[in-house]
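Please open the structure in your viewer and keep the selection panel at hand. The stops below go from the whole chain to a few strands.

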Amino acid sequence: MSTEPLLVADQLTKSFGSTVALDRAAMGVAAGEVVAVMGPSGSGKSTLLHCLAGIVTPDSGQVRYQGREVTAMSDTERSALRRGEFGFVFQFGQLVPELTCLENVALPLRLNRLGRRAAERRAVEWLERLEVAEVAGNRPGEVSGGQGQRVAVARALVTAPKVIFADEPTGALDSLNGEQVMRLLTDSARHSGAAVVLVTHEARVAAYSDREVVVRDGRTRSLASTA
Ligand SMILES: Nc1ncnc2c1ncn2[C@@H]1O[C@H](COP(=O)(O)OP(=O)(O)OP(=O)(O)O)[C@@H](O)[C@H]1O
Ligand SMILES: [Mg+2]
């Protein structure tokens, strides 16, 4: 039996022109674990997250998910992996403005070919868990920032992903709303057994993690959590 973590980045290097974004970066994420990726602006955090999630292909090095080499997959295989196994939450929810919050949360299930009734029933359950059931019928332009992020978290979790990738999910919120989103995000992920890769600048947000990885100039360093 393998003891390798669920998701592994090994010796990742990535440059954009002459800018070195990642320089032999490495990290692992165990099933169900919440890992905070911290570091100064421009240090390579988002690039590392994008490589782990199969959105960006590194110049060299490997990403492995459940022992499968993501970096060697075709585009089709990689998008199937993202759609089936991963969930995403970004700084600004990136909800579809024309759809209601309920339809936004149901959308990934619809894309996975679940019927409308069943998809919306499950979406309602997730809106309730994230304490935003009251905005189900509103469009994203008609909810607060904190509510929008909680809808985005519901959308990320609705497909029961194995890994949630969150890049500054509370970066646009005040501290009270930020704390609430983090509590609900980490509680929900733990409830459904999903691992979380959480990019953040804020020590307060990182305190919700099990472990921290610090990125500096594209290099990674692991720290035991101080939380
Ligand atoms: N698509 C791109 N094209 C060119 N340069 C890029 C691109 N993406 C990232 N970079 C550069 O790579 C480096 C790492 O960027 P990255 O976005 O990973 O940093 P970050 O740690 O997420 O920063 P922030 O905290 O500001 O979001 C930076 O110097 C950035 O300017
Ligand atoms: Mg970033």
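Begin with the whole chain selected and coloured by burial: of its 227 residues, 43% count as buried, where buried stands for 20 or more other C-beta atoms within 10 Å of the residue's own, exposed for 12 or fewer, and partly exposed for anything in between, with C-beta atoms placed from the backbone. This is a predicted model, in which local features need pLDDT of at least 70 and side-chain atom pairs count only at pLDDT 80 or more, while totals for chains, interfaces and linings use all residues. Residues are numbered from 1 along each chain as its sequence is written, and chains are lettered from A and ligands numbered from 1 in the order in which they are written.

Switch next to the C-alpha trace, which spans about 45 × 40 × 40 Å along its principal axes.

In cartoon view, look for seven helices and ten strands; these are DSSP runs numbered from the N terminus, helices being H or I of at least four residues and strands E of at least two.

Now select residues 7–16, strand β1, together with residues 60–65, strand β4, which pair in the antiparallel sense over five bridges, pairing being called when DSSP finds at least two bridges between two strands. Which residue of β4 is the bridge partner of A9? The partner is V63.

Finally, add residues 68–69, strand β5, which runs antiparallel to β4 and is joined to β4 by two bridges. Here Y65 stands opposite R68 in β5. Between β4 and β5, which form a hairpin, lie two residues, and Q66 in the turn has a positive phi of about 50°.
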